[in-house]
Structure formats: structure tokens, C-alpha cells
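Thanks for making the time this morning. I would like to take you through one protein chain, beginning with its overall layout and ending with its charged pairs.

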Amino acid sequence: MNKVRIGIVGVGNIAINWAHYPQYKQVENCEITAICDIDKDKLKTVGDELCIPEEYRFLDYNDLINCDEVEAVETCTSGEDVFFNPEHFSYYSCACEHSSY
């Protein structure tokens, strides 16, 4: 069985150290193939830690969604309005249009 290729939008502490990445490591049929964050330093640090090639480290979520190495997208961003942010909705919709949800 092929592994599901995951792209993560938002690579902060909760996503990488506490919740999402540690759980993905325990699942045999998935792998994180791309990451996205607006913080260049964080993107480099996490990308190096996860051995994500530089061409799959994105500052713009649209690039991650359109990446051929991504089949599913998880959004791990923070903020008071994380669940109601219109921008977040737009990339959920875009991911669904590309069958990456």
C-alpha cells in the first residue's frame, strides 16, 4: 500500500512537538512530504528536522496545495479566529477542489 503524502500548513510547537507530527510518526501508511509556514526561520528549522527537501518548504499555502507531492493537507495554524478565518476557509476549499483534504 502506498503512503498518503501529507502537507502541513503551520509548523509551530503544537503541530510539531505535541500533537500532529508525533501522531503521524506512529502511522505506517502516511508521511509528511511538504510543510508551509509564514516564518522562514521556523520553516527551515522544522524542514531540517523532518528532512523535508527545500523545494517542498513553502511560505504560501497555495504552493503547498498545488504541490504534486501532497495528497492531503492538515492546517495547524493558531489564532483567536482559527476556525472562522475566511482565509483558512479558502484553502480548505481549494484543497477539496484538488482532492487534498
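I will start with the fold and then turn to the salt bridges.

Please keep in mind throughout that what you see is a predicted model. The protein chain contains five helices and four strands, and if you follow it from the N terminus, the elements come in the order β-α-α-β-α-β-α-β-α. The protein chain has 101 residues, and 41% of them count as buried. Its accessible surface comes to about 6600 Å², and carbon and sulfur atoms contribute 51% of that area. As for how the sequence folds back on itself, if we take the contacts with a separation of 6 or more, 65% of them are between residues 24 or more positions apart.

Now to the charged side chains. How many salt bridges does the count come to? The count comes to four, and I will go through some of them individually.

Let me begin with Arg5, which forms a salt bridge with Glu69, where the closest N and O atoms are 3.5 Å apart. This pair links distant parts of the chain, since Arg5 lies in strand β1, residues 4-9, while Glu69 sits in the loop between α4, residues 61-65, and β4, residues 72-75, so that the two are 64 residues apart. Arg5 also pairs with Glu71, and here the closest N and O atoms are 3.4 Å apart. That second bridge again links distant parts of the chain, from Glu71 in the loop between α4 and β4 to Arg5 in strand β1, with their positions 66 residues apart.

Are these three side chains buried or exposed? Arg5 counts as partly exposed because its relative accessibility is 22%, where the limit for buried is under 20%. Glu69 is likewise partly exposed, with a relative accessible area of 28%, and Glu71, at 33%, is partly exposed as well.

A further bridge joins Asp48 to Arg57, and its closest N and O atoms are 2.9 Å apart. The two partners fall into separate classes here, because Asp48, at 39% relative accessibility, counts as partly exposed, whereas Arg57, with a relative accessible area of 16%, is buried.

To bring the pairs together, salt bridges that share partners join Arg5, Glu69 and Glu71 into one network. If you look at the model again, I would suggest starting from Arg5 in strand β1 and following its bridge to Glu71 in the loop between α4 and β4.

Definitions and conventions: Residues are numbered from 1 along each chain as its sequence is written. This is a predicted model: local features need pLDDT of at least 70, side-chain atom pairs count only at pLDDT 80 or more; totals for chains, interfaces and linings use all residues. Side-chain values use heavy atoms; hydrogens and water are left out. Buried means under 20% relative accessible area, exposed over 50%, partly exposed in between (1.4 Å probe, protein chains only). Contact means heavy atoms within 4.5 Å. Accessible areas come from the Shrake-Rupley method with a 1.4 Å probe; for residues, only the protein chains shown count as cover.
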